[in-house]
Amino acid sequence: YNGSVLTNINLNDRGSNKETHHIEIGADNIEYLPGDSLGVIPENPLHVVEPIVDLLGVKRSQTFSFRNQEITAFELLKTKLNIFYLPERVVSKYAALVEQEIPATKIGLLDLLRIYPLKNKEQFAELVNILEPISPRLYSISSSPEAHGAEVHITVARDKFHVNDEWKCGLCSDFLSQLPLESNVEFYIHKNNQFRLPADDKDVIMIGPGTGIAPFRSFLAQRDATDAGGKNWLFFGDQHFVTDFLYQTELQNWLETGVLTRMNVAFSRDTKEKVYVQHKMMKHGKELYQWLLNGASLYICGAREPMSVDVEDTLLQIVEKFGDKSIEQAVQFVEQLKDESRYLKDVY
Ligand SMILES: Cc1cc2nc3c(=O)[nH]c(=O)nc-3n(C[C@H](O)[C@H](O)[C@H](O)COP(=O)(O)OP(=O)(O)OC[C@H]3O[C@@H](n4cnc5c(N)ncnc54)[C@H](O)[C@@H]3O)c2cc1C
């Protein structure tokens, strides 16, 4: 699909350690279901592409054939090739190309070119052959086809990390966070049939801290728009109540209108002892177990580790304690939920 950016706002307030962007993309005839993800291939940032072009001494407008397409050197480096952070296998091919001993490590092309320059300009064509294409990244869709029409929304955490006393950002989350209004963005829909809402009259329990909230905003908007009768219980968590309560107004509205039957939140850094979603699950374990006995489906979205592992451990403890079961019986109970597609995860 070809879309246009309609909104790009940071959901975190000033003073937060986080930067989570709510991005709305308008596009005609988009087909997706709640639970699907959006796939996007990011572009390399100009502050990396420009110095590489200069170092290579290649003419920006010089054309190359790349995957049966004629493309200029500049566009190739900006939109097609992974130059940002090269895997070891590419670094070792580069070492062979420049006939130098280079330690087996991940590194950006810019640093590589600075430390181990190409032997001559003509090697650029060979360099293109060893570089790999930019890989797509997935983002859980946070809008609903019934509620949001010709728009698709995503919830993107800008991945910031420290390397050698320098702040760096992940390629795609940085690219998306910086997208200006009305800019074009190409994307595709990545279907996820393993993460679907149950029948309208069935209850759901959703555990989605941080950006894990994304598909549940989609679920709730969809259930609201279709007047689905099943009950909805959300567990959300993040660092601070004041700065990091993503989609707070919408969620509280859904609580008031009854779309959300229950909402429990955990803000880990507001108290001396860290409180996470799994602690809130345990606190309300008796009711949670009762919902499961009544046929509810349980969904988890967000960080694979440690969140989804801790949540699963807690689920087992809840079943053990409130179902008066041995740990083996609790494991069996959860296995049964999986077999019935009532325990679903979308974790990354
Ligand atoms: C099904 C699915 C759904 C997802 N849904 C969401 C979602 O709703 N919201 C969301 O925010 N994310 C989501 N993700 C994660 C998302 O796809 C990306 O993985 C995430 O945004 C990071 O990608 P990036 O390109 O920004 O970082 P990358 O550039 O891929 O970097 C990833 C990591 O590599 C390391 N790294 C990269 N460059 C360097 C460097 N120069 N030096 C040292 N280390 C480096 C860092 O550790 C960094 O954290 C989802 C993933 C999946 C699989």
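**Exercise 1. Polar contacts of the ligand**

In this predicted model, determine which atoms of Ala157, Asp159 and Leu171 lie at what distance from an oxygen atom of the ligand.

*Solution.* Begin with Ala157, where a backbone N or O atom lies 2.9 Å from an oxygen atom of the ligand. Next take Leu171, which also places a backbone N or O atom by a ligand oxygen, here at 2.8 Å. Then turn to Asp159, where a polar side-chain atom lies 2.5 Å from an oxygen atom of the ligand. Finally, consider the cover: of the 970 Å² of accessible area that the ligand has on its own, the protein covers 73%.

**Exercise 2. The shell around the ligand**

Describe the residues around the ligand by nearness, by class and by the elements that supply them.

*Solution.* The ligand has 19 residues around it, and those that come nearest are Leu138, Tyr139, Asp159, Cys172 and Ser173. Sorted by class, the shell holds 10 nonpolar, five polar and four charged residues. At least two shell residues each come from β6, β7 (151–157), β8 (160–163) and α7 (171–177), and β6 gives the largest share, with four residues.

**Exercise 3. The sheet that contains β6**

Work out the strand order, the sense of pairing and the edges of the three-stranded sheet to which β6 belongs.

*Solution.* The sheet is open, its order is β6-β3-β11, and its pairing is antiparallel. The strands β6 (137–140) and β11 (188–190) are the edges, since each of them pairs on one side only. From one strand to the next the twist averages 35°. Looking at one pair in detail, β3 (residues 37–40) joins β6 through four bridges in the antiparallel sense, and Val40 stands opposite Arg137 in β6.

**Exercise 4. Backbone conformations to check**

Which non-glycine residues, Asn29 and Glu182, have a positive phi of what value, and are they buried or exposed?

*Solution.* Asn29, although not a glycine, has a positive phi of about 55°, and this residue lies in the loop between β2 (20–26) and β3. Its relative accessible area is 68%, so Asn29 is exposed, the cut-off being over 50%. Glu182, likewise not a glycine, has a positive phi of about 70° and lies in the loop between α7 and β10 (184–186). With a relative accessibility of 68%, Glu182 also counts as exposed.

**Exercise 5. A peptide bond in the cis form**

Locate the cis peptide bond that leads to Pro306.

*Solution.* The bond runs from Glu305 to Pro306 and has an omega near -5°, and Pro306 itself is found in helix α13 (residues 304–322).

Definitions and conventions:
Residues are numbered from 1 along each chain as its sequence is written. This is a predicted model: local features need pLDDT of at least 70, side-chain atom pairs count only at pLDDT 80 or more; totals for chains, interfaces and linings use all residues. Side-chain values use heavy atoms; hydrogens and water are left out. Two strands pair if DSSP finds at least two bridges between them. Axes are lines fitted to C-alpha atoms, for helices over the stretch in contact, and angles run from 0 to 180 degrees between N-to-C directions. A residue is near a molecule or strand if one of its heavy atoms lies within 4 Å of it. A polar contact is a pair of N or O atoms within 3.5 Å; within protein, one must be able to donate a hydrogen and the other to accept it, and residues adjacent in sequence count only if both atoms are side-chain atoms. Accessible areas come from the Shrake-Rupley method with a 1.4 Å probe; for residues, only the protein chains shown count as cover. Ala, Val, Leu, Ile, Met, Phe, Trp, Tyr, Cys and Pro count as nonpolar, Asp, Glu, Lys and Arg as charged, and the others, Gly among them, as polar. Buried means under 20% relative accessible area, exposed over 50%, partly exposed in between (1.4 Å probe, protein chains only).
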